[in-house]
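Hi,

Here is the structure I promised to pass on to you. Have a look at it first, and then read on for my notes.

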Amino acid sequence: MPVTVDVTTPGFATTVEALRPRSWKLGPGQPRQVIDQFTDADFKHVVDDRGDVHINSRDGRFYLGWFPMGRPGGDENDWVNGEGWAIAVTGTATVPGYRMSFGTETPAEIIAAAVAQVLATSRPL
């Protein structure tokens, strides 16, 4: 069975409505939306001399770092300078861990959602 293709209309088909501009959440937002998810019973909070916040699980396998002015270290071409958030979970002897990082201007709501998902996967052994 032959297939025909209409080549008389170049480009792609869409509507003006589909091409309308969208509004996107921008700006760092309120870091409390992220930090307030951690209880003192299960996590240790440290604020260092730069004002960076470090949160560790009591078992040491989870880490969250918030660097409002960017993570220290690296040079002007290094991603570290623009890193505002770091989330890491240490693996086990048989399963590797993982790490995520986000820029200083990533909305706190995005980080809060990622943290909520990570915390939802943890459970006491």
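Below is what I found, going from the whole chain down to single residues.

Please keep in mind that this is a predicted model. The protein chain has two helices and five strands, and from the N terminus on they follow the order α-β-β-β-β-β-α. Of its 125 residues, 26% are buried. The accessible surface comes to about 9200 Å², and carbon and sulfur atoms account for 59% of that. If you like contact statistics: among contacts between residues at least 6 apart in sequence, 35% join residues at least 24 apart.

**The sheet**

The five strands make an open sheet, ordered β1-β2-β3-β4-β5, with antiparallel pairing. At its edges stand β1 and β5 (98-103), each with a single partner strand, so each has one side without a neighbour in the sheet. Direction ignored, neighbouring strands are turned by 10° against each other on average. Helix α2 packs on this sheet and touches β1, β3, β4 and β5, while its direction makes about 10° with that of β4.

**Strand β3 and its partners**

How many bridges join β2 to β3? There are four between β2 (residues 53-57) and β3, and the two strands run antiparallel. They form a hairpin with four residues between them, and in the turn G60 has a positive phi of about 80°. On the other side of the pairing list, five bridges join β3 to β4 (residues 83-89), again in an antiparallel arrangement. G65 is a handy residue to click on here: G65 is the bridge partner of H54, and G65 also stands opposite A86 in β4.

Strand β3 (residues 62-66) is largely enclosed by the rest of the structure, because four of its five residues are buried.

**The nonpolar core**

Which residues touch the most other members of the largest nonpolar core? In this set of 19 residues they are V34, F38, F62, L64 and I87. At least two core residues come from each of α1 (32-35), β2, β3, β4 and α2 (108-120). The largest share is that of α2, with six residues. As a general background, nonpolar side chains tend to be buried together in soluble globular proteins.

I87 is a good place to see this region up close. Leaving aside neighbours within four places in sequence, I87 is in contact with F62, Y63, L64, Y98, R99, M100, F102, I111, A114 and V115.

**D52, a residue to look at**

D52 lies in the loop between β1 (43-47) and β2. Is D52 buried or exposed? Its relative accessibility is 2%, so D52 counts as buried, the cut-off being under 20%. The side chain of D52 makes a polar contact of 2.8 Å with the side chain of R50. Apart from neighbours within four places in sequence, D52 is in contact with V46, V47, W66, F67, P68 and P72.

If you open the model, you could begin with G65, which pairs with H54, and go from there to I87, one of the core residues, and then to D52 in its loop.

Happy to talk it through whenever suits you.

Best wishes

Key:
Residues are numbered from 1 along each chain as its sequence is written. This is a predicted model: local features need pLDDT of at least 70, side-chain atom pairs count only at pLDDT 80 or more; totals for chains, interfaces and linings use all residues. Side-chain values use heavy atoms; hydrogens and water are left out. Buried means under 20% relative accessible area, exposed over 50%, partly exposed in between (1.4 Å probe, protein chains only). Two strands pair if DSSP finds at least two bridges between them. A polar contact is a pair of N or O atoms within 3.5 Å; within protein, one must be able to donate a hydrogen and the other to accept it, and residues adjacent in sequence count only if both atoms are side-chain atoms. Contact means heavy atoms within 4.5 Å. A nonpolar core is a set of buried Ala, Val, Leu, Ile, Met, Phe, Trp, Tyr and Cys residues joined through side-chain atoms within 4.5 Å. Accessible areas come from the Shrake-Rupley method with a 1.4 Å probe; for residues, only the protein chains shown count as cover. Axes are lines fitted to C-alpha atoms, for helices over the stretch in contact, and angles run from 0 to 180 degrees between N-to-C directions.
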